[in-house]
Amino acid sequence: MPSWIAAVILSLSGLLLSLPAGAEVKARSCGEVRQAYGAKGFSLADIPYQEIAGEHLRICPQEYTCCTTEMEDKLSQQSKLEFENLVEETSHFVRTTFVSRHKKFDEFFRELLENAEKSLNDMFVRTYGMLYMQNSEVFQDLFTELKRYYTGGNVNLEEMLNDFWARLLERMFQLINPQYHFSEDYLECVSKYTDQLKPFGDVPRKLKIQVTRAFIAARTFVQGLTVGREVANRVSKVSPTPGCIRALMKMLYCPYCRGLPTVRPCKNYCLNVMKGCLANQADLDTEWNLFIDAMLLVAERLEGPFNIESVMDPIDVKISEAIMNMQENSMQVSAKVFQGCGQPKPAPALRSARSAPENFNTRFRPYNPEERPTTAAGTSLDRLVTDIKEKLKLSKKVWSALPYTICKDESMTAGSANEEECWNGHSKARYLPEIMNDGLTNQINNPEVDVDITRPDTFIRQQIMALRVMTNKLKNAYNGNDVNFQDTSDESSGSGSGSGCMDDVCPTEFEFVTTEAPAVDPDRREVDSSAAQLGPSLLSGSLVCVVLALQRLCR
């Protein structure tokens with residue numbers, strides 16, 4: 001090598017060595033990062049004053065950095081906490097909707113039942129006085145069972161209402177026939193034919209339809225609000241996977257490590273991270289939307305034909321109308337009962353001296369719809385339903401919308417207007433990868449979050465199943481059916497309330513052709529005609545019973 005070349009090299013080497021350290025690649029200050037890091041509540045002892053080599057970093061780019069290993073760990077945990085809070089805050093609306101509306105509806109329905117019971121009691125005490133009070137447990141039991149059904153009790157509404165009318169018939173039958181003594185067996189025989197005799201006119205049939213549909217709708221709707229509340233509360237408490245936590249750290253705090261604490265993530269970058277982290281929540285959306293649709297359908301029923309308020313407010317008057325029907329047709333009803341169950345024994349002289357009009361001689365005044373009681377809980381069902389329908393519509397697609405709701409927040413991302421000046425996971429530049437679709441299976445190629453699409457979140461699947469079961473209940477309630485009592489054939493075919501007669505003495509069935517109580521004929525022909533129309537099976541199958549009845553009559 002020529003000597004001059006060696007001299008030049010030696011001279012250049014000396015020049016380079018004489019330059020200050022970092023003159024070519026000057027280490028940047030970490031002052032901004034220190035300030036932002038301290039604002040998070042962390043100790044500044046963890047953070048260097050100038051960038052250091054980043055070979056120790058496990059998540060952020062291993063370039064010159066302001067982050068130590070301790071900082072990366074703390075910021076990673078911070079990103080997890082912030083994400084959990086973000087999801088909870090973003091789902092706040094749907095959670096508070098179900099919590100507050102469940103409370104309002106439940107309070108309203110309970111108070112409505114209390115008001116209806118009090119109204120009936122007050123009216124009947126004024127009208128019948130001691131006679132009602134002596135038999136008030138029949139009505140108290142009705143409301144007790146209605147309340148028990150509403151609160152989730154195992155009550156078959158149709159059977160319970162049938163029992164109520166049967167018991168009422170037993171009590172009234174004794175009051176309108178004080179001249180006779182009725183044994184328990186005889187009264188059971190009377191109640192067995194309540195449907196065939198129709199002593200209360202058409203009121204029981206209409207009221208059973210109205211009460212059953214209204215209570216099924218009300219109870220199921222409140223149960224739906226409960227399920228919606230529980231699902232929303234559970235799903236909003238997320239547990240991010242390790243892969244999600246890494247992606248969150250890289251998006252939220254790797255800019256700190258690069259000395260860019262004020263640079264926010266690119267919006268599309270944020271979307272891919274959130275879609276990966278909330279993939280299972282998005283899968284809840286389909287069943288959630290079906291659930292909301294079913295809730296809206298039942299809500300329409302509540303303000304329409306299944307309005308429990310319009311059923312319960314005048315229930316006292318409806319029952320009183322039924323009692324009036326019984327009074328007006330008491331003679332025909334008694335004649336048919338005596339025909340079917342046999343002639344009862346005369347009562348002792350003191351009791352028989354009381355006549356029916358002295359027992360039941362008061363008529364109820366006509367019901368005026370404008371005199372409805374004060375609405376329960378300071379509101380009305382129509383107002384409650386109108387409010388909840390608006391809120392339910394807004395809560396549709398809430399889970400698949402979480403990433404979009406979070407990432408459109410200006411405090412979270414740089415926004416669409418700053419696509420070139422945002423953090424893309426590596427540097428301050430445009431984010432190029434495409435946005436993933438919603439749901440777990442669509443995250444197979446998510447560039448930001450490592451998602452195992454073969455392992456759905458079992459907790460989310462449980463919520464999906466809970467929604468599916470509730471949606472089925474709501475659909476049945478919309479049609480007036482209670483899924484708990486759709487098939488009562490086994491129960492009704494089993495042993496139930498008997499007639500009080502032995503099989504070898506009394507007939508097993510009476511065929512009353514006239515279902516409505518006939519008008520009173522001056523010559524009393526209705527008793528004879530109804531007797532003549534009894535089926536031949538009665539004559540052939542109950543000869544012994546007829547003989548015994550005649551014997552009792554002769555005595």
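Helices, as the term is used here, are DSSP runs of H or I spanning at least four residues, numbered from the N terminus. On that basis, Val125 belongs to helix α4, which covers residues 92–128. The structure is a predicted model, and a look at the whole chain makes a good starting point before returning to α4.

The chain contains 27 helices and 2 strands. Of its 555 residues, 46% count as buried. Among contacts in the chain with a separation of 6 or more, 81% are made by residues 24 or more positions apart. The chain exposes about 28400 Å² of surface, and carbon and sulfur atoms supply 52% of this area.

Confidence deserves a word at this point. The pLDDT averages 81 over the chain, and 77% of the residues score at least 70. In the stretch formed by residues 351–359, the pLDDT falls below 50, and the model shows 16 contacts for this stretch beyond near neighbours in sequence. Residues 361–374 also have a pLDDT below 50, with 22 contacts in the model beyond near neighbours in sequence.

Helix α3 offers a helpful view of the packing. This helix runs over residues 69–90, 22 residues in total, and reaches 31 Å from its first C-alpha to its last, close to the 32 Å expected at 1.5 Å a residue. Buried positions in α3 are Met71, Glu72, Leu75, Ser76, Gln78, Ser79, Lys80, Phe83, Glu84, Leu86 and Val87. The cover over the buried residues of α3 includes α2 (31–39), α11 (242–252), α12 (254–257), α13 (267–277) and α22 (402–407).

The same helix also takes part in a charged pair. Side chains of opposite charge can pair when their charged atoms come close. In α3 this role falls to Glu82, whose side chain meets that of Lys40 in a salt bridge with an N to O distance of 3.2 Å. Because Lys40 sits in the loop between α2 and α3 while Glu82 is in helix α3, the pair ties together parts that are 42 residues apart in sequence. Both partners are partly exposed: Lys40 has a relative accessible area of 34%, and Glu82 has one of 22%.

In the chain, the count of salt bridges comes to 27. Back in helix α4, one of them joins the side chains of Arg110 and Asp106 at 3.0 Å, N to O. These two residues are 4 residues apart in α4, so about one helical turn separates them. Arg110 is partly exposed, with a relative accessible area of 42%, whereas Asp106 counts as buried because its relative accessibility is 17%, below the 20% limit for burial. Another salt bridge links the side chains of Arg229 and Glu230, again at 3.0 Å, N to O. Arg229 counts as partly exposed at 21% relative accessibility, and Glu230 is partly exposed with a relative accessible area of 27%. Elsewhere, salt bridges that share partners join Arg101, Asp387 and Lys391 into one network.

Helix α4 also contributes to a nonpolar part of the surface. Val125, introduced above as a residue of α4, forms a nonpolar surface patch with Met130 and Met133, and together the three have about 260 Å² of accessible area. Val125 itself counts as partly exposed, at 30% relative accessibility.

Two buried residues in other helices complete the picture. Glu287 is found in helix α15, which comprises residues 285–302. With a relative accessibility of 9%, Glu287 counts as buried. Leaving aside residues up to four places away in sequence, Glu287 touches Ile464, Leu467, Arg468 and Thr471.

Phe338 lies in helix α18, formed by residues 330–341. This residue counts as buried as well, at 15% relative accessibility. Not counting residues up to four places away in sequence, Phe338 is in contact with Phe173, Asn177, Tyr180, Phe182, Tyr186, Gln343 and Pro344. One of these partners, Tyr186, is 152 residues from Phe338 along the chain, yet their C-alpha atoms are separated by 9.9 Å.

Note on methods
Residues numbered from 1 in each chain as written. Predicted model: local features only at pLDDT ≥ 70, side-chain atom pairs only at ≥ 80, totals over all residues. Heavy atoms only, no water. Buried < 20%, exposed > 50% of the residue type's maximum accessible area, 1.4 Å probe, protein only. Contact = heavy atoms within 4.5 Å. Areas by Shrake-Rupley, 256 points an atom, 1.4 Å probe, with all protein chains shown as cover. Expected span 1.5 Å × (residues − 1). pLDDT = per-residue confidence, 0-100. Patch = residues over 30% accessible without salt bridge, like charges linked within 9 Å, V, L, I, M, F, W, Y side chains within 5 Å. Salt bridge = Lys/Arg side-chain N within 4 Å of Asp/Glu carboxyl O.
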